[in-house]
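Here are my notes on this model, in the order I'd go through them with you at the screen. Have the structure open while you read.

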Amino acid sequence: MNIKLKIWRQKNQDSKGHFEEYAMSGIEEHMSFLEVLDLLNEQLFAEGKEPVAFDSDCREGICGQCGVVINGQAHGPIRSTTCQLHMRHLAEDPSFKDGSTITIEPWRSTGFPVLRDLIVDRSALDRIVQAGGYISVNTGGAPEAHSVPVQKEKADAAFEAAACIGCGACVAACPNASAMLFTGAKISHLGLLPQGQPERLARVVSMLNQHDAEGFGGCTNIGECAAVCPKSVPLEVISRLNRDLGHALWKGQHAH
Ligand code: SF4
Ligand code: FES
């Protein structure tokens, strides 16, 4: 098939960006979306032009590096990472025809400044984790596996939250650019387990303070985040975060 790619180009964080269009032919439906971008860059190299900067690492849906907005949707039309999207998924849209234009933009959020073209700086998510997304343990020999029993339902819910790969699609899809699904996932996966209890309430306060300091917006229960999350992190993680926050504030008030 023949396609046109309309791609956001931006030299660096301080420059003004703009869209550029590129015509491509010989695109096969079995090509992955990132292979199409690789092919475009080969073309641009051959023409002596600047290649399009985009992030990727594992190309297996694991690392969370590859997110872009495709035709207005974070990671494109199916619930997957961008590297797991194939041209056949785009071609399944009835409005898609030979010669169609596909628009590709970086994540847009104050918390994710554009570094170059499609690459954004997602280190704000790392700083949220640094603010409290850990547990403190005494080091030494590995404890006996059955010494800390965990209920099956809690283990399953913690595992579901721990599937978050930090891709940032939840922020990109949210009209408030909120990172509450990400933050809720980290709070849930630690707060549901016995090992996460000692720092549970302090954790939610410091991670949320960092979330707000990074410029992410608040949650107003729209649900776009969970709808695009490639790892199916459920909205319940945000309810759990709010419950822990309420508990922390109540305890803080009653401590005086
Ligand atoms: S919660 Fe989902 S969409 Fe958000 S960063 Fe984690 S994996 Fe990505
Ligand atoms: S490149 Fe690793 S998740 Fe897409």
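1. Start with the surroundings of the ligand, keeping in mind that this is a predicted model. The shell around ligand 1 sorts into 11 nonpolar residues, two polar and one charged. There are 14 residues around the ligand, and those that come nearest are Cys164, Cys167, Ala169, Cys170 and Cys229. Two elements give two or more residues to that shell: α5 (169–173) and α6 (180–191). Of the elements, α6 gives the most, with three residues.

2. Now for the overall picture. The chain has nine helices and seven strands. Along the principal axes, its C-alpha atoms fill a box of roughly 65 × 40 × 40 Å. Among the 256 residues, 36% count as buried. If you look at contacts with a separation of 6 or more, 70% of them are between residues 24 or more positions apart.

3. What is the strand order in the open sheet of five strands? Reading across, you get β2-β1-β5-β3-β4, and the pairing is mixed. The edges are taken by β2 (18–24) and β4 (73–74); each has a single partner strand, so one side of each has no neighbour in the sheet.

4. Both senses of pairing show up at β1. Strands of a sheet pair through backbone hydrogen bonds, in either a parallel or an antiparallel sense. On one side, β1 (residues 3–9) runs parallel to β5 (residues 101–105), and four bridges join the two. Ile7 has Ile104 of β5 as its bridge partner. With β2, β1 pairs in the antiparallel sense over seven bridges. Here you can pick out Lys6, whose bridge partner in β2 is Glu21.

5. Is β2 well covered or hardly covered? Hardly: of its seven residues, the count that are buried is zero. Put that beside its place at an edge of the sheet, with a single partner strand.

6. On to the helix packing, with α9 as the common partner. Two packed helices are described by the angle between their axes and the distance between the axes. For α6 and α9, the angle is about 70° and the axes are 8 Å apart. The two are therefore roughly perpendicular to each other. From α6 the contact uses Met180, Leu181, Thr183, Gly184, Ala185, Ile187, Ser188 and Gly191, which meet Val237, Ile238, Arg240, Leu241 and Asp244 of α9. By type, the residues of this contact are seven nonpolar, four polar and two charged.

7. Helix α7 (residues 200–213) also packs on α9 (residues 236–254): their axes come within 9 Å and cross at roughly 105°. That puts α7 roughly perpendicular to α9. On the α7 side, the contact is made by Arg200, Leu201, Val204, Val205 and Leu208; on the α9 side, by Leu241, Asp244, Leu245, His247, Ala248 and Lys251. This contact divides into seven nonpolar residues, one polar and three charged. Leu241 and Asp244 appear in the α6 contact and also in the α7 contact.

8. Have a look at His189, which is found in helix α6. Is His189 buried or exposed? With 21 other C-beta atoms within 10 Å, His189 is buried. Setting aside neighbours within four places in sequence, its contacts are Ala158, Ala161 and Ala162. His189 also takes you back to the ligand's surroundings: its C-alpha atom is separated by 9.6 Å from that of Cys164, 25 residues apart along the chain. Cys164 is one of the residues that come nearest to ligand 1.

9. Last, two backbone spots to check by eye. Asp117 has phi near 45°, a positive value in a residue other than glycine. Asn221 also has a positive phi, near 60°, and again is a residue other than glycine. Where do they sit? Asp117 lies in the loop between β6 (114–116) and β7 (119–120), while Asn221 lies in the loop between α7 and α8 (224–228). Their surroundings contrast: Asp117 is buried, with 24 other C-beta atoms within 10 Å, whereas Asn221, with 8 C-beta neighbours inside 10 Å, counts as exposed.

Technical notes:
Residues are numbered from 1 along each chain as its sequence is written. Chains are lettered from A and ligands numbered from 1 in the order in which they are written. This is a predicted model: local features need pLDDT of at least 70, side-chain atom pairs count only at pLDDT 80 or more; totals for chains, interfaces and linings use all residues. A residue is near a molecule or strand if its C-beta atom, placed from the backbone, lies within 6 Å of it. Ala, Val, Leu, Ile, Met, Phe, Trp, Tyr, Cys and Pro count as nonpolar, Asp, Glu, Lys and Arg as charged, and the others, Gly among them, as polar. Two strands pair if DSSP finds at least two bridges between them. Axes are lines fitted to C-alpha atoms, for helices over the stretch in contact, and angles run from 0 to 180 degrees between N-to-C directions. Angles under 35 degrees count as roughly parallel, over 145 as roughly antiparallel, 65 to 115 as roughly perpendicular and the rest as oblique. Two residues are in contact if their C-beta atoms, placed from the backbone, lie within 7 Å. A residue is buried if 20 or more other C-beta atoms lie within 10 Å of its own, exposed if 12 or fewer, and partly exposed in between; C-beta atoms are placed from the backbone.
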